[in-house]
Amino acid sequence: MEYSIELRDVNKSFGGRRAIMDASLRIPAGKITGFVGPEGSGKTTLMRIMCGLERPDSGAGQCCGIDIFAKPEQVRSLTGDMSQNISLVEQLTVKENLLFLAKSRSVPYAQKRVDELITELNVEHLCNTLALHLNSDCKLRVSLAASILHAPKVLILDEPTAGVTLAARQAFWQALERLSGAGMTILVSTHYSDEAERCHHLVRMVNGRLLSCGPAQTIVHSLALTTFAIRGPDLLSLKCQFSGIKEVEQTVIFSNTLYVTGKQCDGLLSAVRMLPVRYQIEHTSSAIAASVAGLATHKVSA
Ligand SMILES: Nc1ncnc2c1ncn2[C@@H]1O[C@H](COP(=O)(O)OP(=O)(O)OP(=O)(O)O)[C@@H](O)[C@H]1O
Ligand SMILES: [Mg+2]
C-alpha cells in the first residue's frame, strides 16, 4: 500500500499539557482516513500536524514526501483545509466567491478550475446565489469547493458536517468518495458512527494517544460491541435511560432513530428487551457503528 503521510514519535504539548503523545502512524494515499475518539483526544491537533498547520514539539514525519518539520509551508501548499470556516463575501455570488478565492490563492486557470469544480461538486444551481443566502447545507458544498480550488493532494476536514441535514451529509460523503477515488488523501474527524463507517481507514485516539490505526474493517473486528437502532416516541428520555447503563458506550439520536451502542451484556440486552412494543428495535449489522462508539470513553451526546 502506498502511504502519503508518515509520523514517527510525534509529541505536542500546549502549555505543559500533552495533547499528542508518541504518535507513530502512516496514512494510506488516496483513501479516506477517519479520526475518532472522545472530545479533547487530539484528533484536530494530529490532523493539523500532518498538514504542517501545527508545529510538533518533537518527532519526525513527512507528507507527500516532504519533511513536515523542515518544510511546513511546502506541506501546507499541498493540503486543503476546510476546518476554519471558509469566509465567503456575503454580497458576492457563489461563483464570484470561488473566483475571488482562486485568484487570491493564485490558482492557475482560475476561471476554468472554478467551472470544473462547480460541475464536479454539483453546485451549478448555486452559482448565482449570494453567499448571504446560503443555508448550512449549501455552505458545506461551497466550502468544500473552496478548500480544493488549488487541487490539494491531502484534504483535512475537521468535523465538517456538524449542523447540516442528513441529506447534505450523504451528498457530502458521496463527493468525498469521488475525490478519494480520484486520488485525494482525505483526513476527516467525526463523532458520527455512520461517517466513520464510510472511511477506509480509522485512527482511534484517547487522551492524546493512538489506540489503534488501520483498515476500518480490521479495527471493527477487534471490538466486540453491539448497536441497537430504536425508533419510537420520546427518544430523548429513552436516550437518558440508556446512558445510565454502565456498559453503554454511546447513545446518539440521528433523524428519527436512537442508536445505542455498548458491550454485549445482560444489562443492555434486558433494557432493550423491556422496551414497550410501540418501539421498533433493530440490531444493526453495522459493526463499524459499534466500533466508533467503542472509542468513546465517555458518553457522546447527540
Ligand atoms: N491551540 C490550543 N491551545 C491550547 N490547548 C489546545 C490547543 N489546541 C488543542 N488544545 C488541547 O489539546 C488537547 C487535544 O485537543 P484537540 O482539539 O486536538 O482534540 P479533539 O480530539 O480534536 O477534540 P474535539 O473532539 O473536541 O474536537 C485538548 O486538551 C485541547 O484542550
Ligand atoms: Mg477537534
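The following paragraphs lead from the overall form of the chain to its ligand and then to one buried residue. The structure is a predicted model.

The chain contains eleven helices and 14 strands. Its radius of gyration is 21 Å, close to the 19 Å that the globule rule gives for 302 residues, so the chain is as compact as a globular protein of that length. Measured out along the principal axes, the C-alpha trace spans about 65 × 45 × 35 Å. Of the 302 residues in the chain, 51% are buried.

The chain is divided into two parts. Domain 1 is made of residues 3–87 together with 151–221, while domain 2 covers residues 225–295. The centres of domain 1 and domain 2, taken over C-alpha atoms, are separated by 28 Å.

Attention now turns to ligand 1. There are 13 residues around ligand 1, and those that come nearest are G40, G42, K43, T44 and T45. By character, the shell consists of three nonpolar, six polar and four charged residues. Two elements of secondary structure, strand 2 (17–28) and helix 1 (43–50), each supply at least two residues of this shell. Helix 1 provides the largest share, with three residues.

Several polar atoms of the protein lie beside oxygen atoms of the ligand. In the side chain of K43, an N or O atom is 2.7 Å from an oxygen atom of ligand 1. The side chain of T44 likewise has an N or O atom at 2.7 Å from an oxygen atom of ligand 1. At S41 it is the backbone that takes part: one of its N or O atoms lies 3.1 Å from an oxygen atom of ligand 1. On its own, ligand 1 has 620 Å² of accessible area, and the protein covers 60% of this area.

A final stop is S189, a residue of strand 8 (residues 185–189). Is S189 buried or exposed? Its relative accessibility is 0%, and a residue counts as buried when this value is under 20%; S189 is therefore buried. The side chain of S189 has polar partners. A polar contact of 2.6 Å joins the side chain of S189 to that of D158. In addition, a polar atom of the S189 side chain lies 2.9 Å from the backbone nitrogen of E159.

Methods
Residues are numbered from 1 along each chain as its sequence is written. Chains are lettered from A and ligands numbered from 1 in the order in which they are written. This is a predicted model: local features need pLDDT of at least 70, side-chain atom pairs count only at pLDDT 80 or more; totals for chains, interfaces and linings use all residues. Side-chain values use heavy atoms; hydrogens and water are left out. A residue is near a molecule or strand if one of its heavy atoms lies within 4 Å of it. A polar contact is a pair of N or O atoms within 3.5 Å; within protein, one must be able to donate a hydrogen and the other to accept it, and residues adjacent in sequence count only if both atoms are side-chain atoms. Accessible areas come from the Shrake-Rupley method with a 1.4 Å probe; for residues, only the protein chains shown count as cover. Helices (H or I, at least four residues) and strands (E, at least two) are DSSP runs, numbered from the N terminus. Ala, Val, Leu, Ile, Met, Phe, Trp, Tyr, Cys and Pro count as nonpolar, Asp, Glu, Lys and Arg as charged, and the others, Gly among them, as polar. Domain bounds come from an automatic or database domain assignment. The radius of gyration is taken over C-alpha atoms; the globule rule is 2.2 Å times the number of residues to the power 0.38. Buried means under 20% relative accessible area, exposed over 50%, partly exposed in between (1.4 Å probe, protein chains only).
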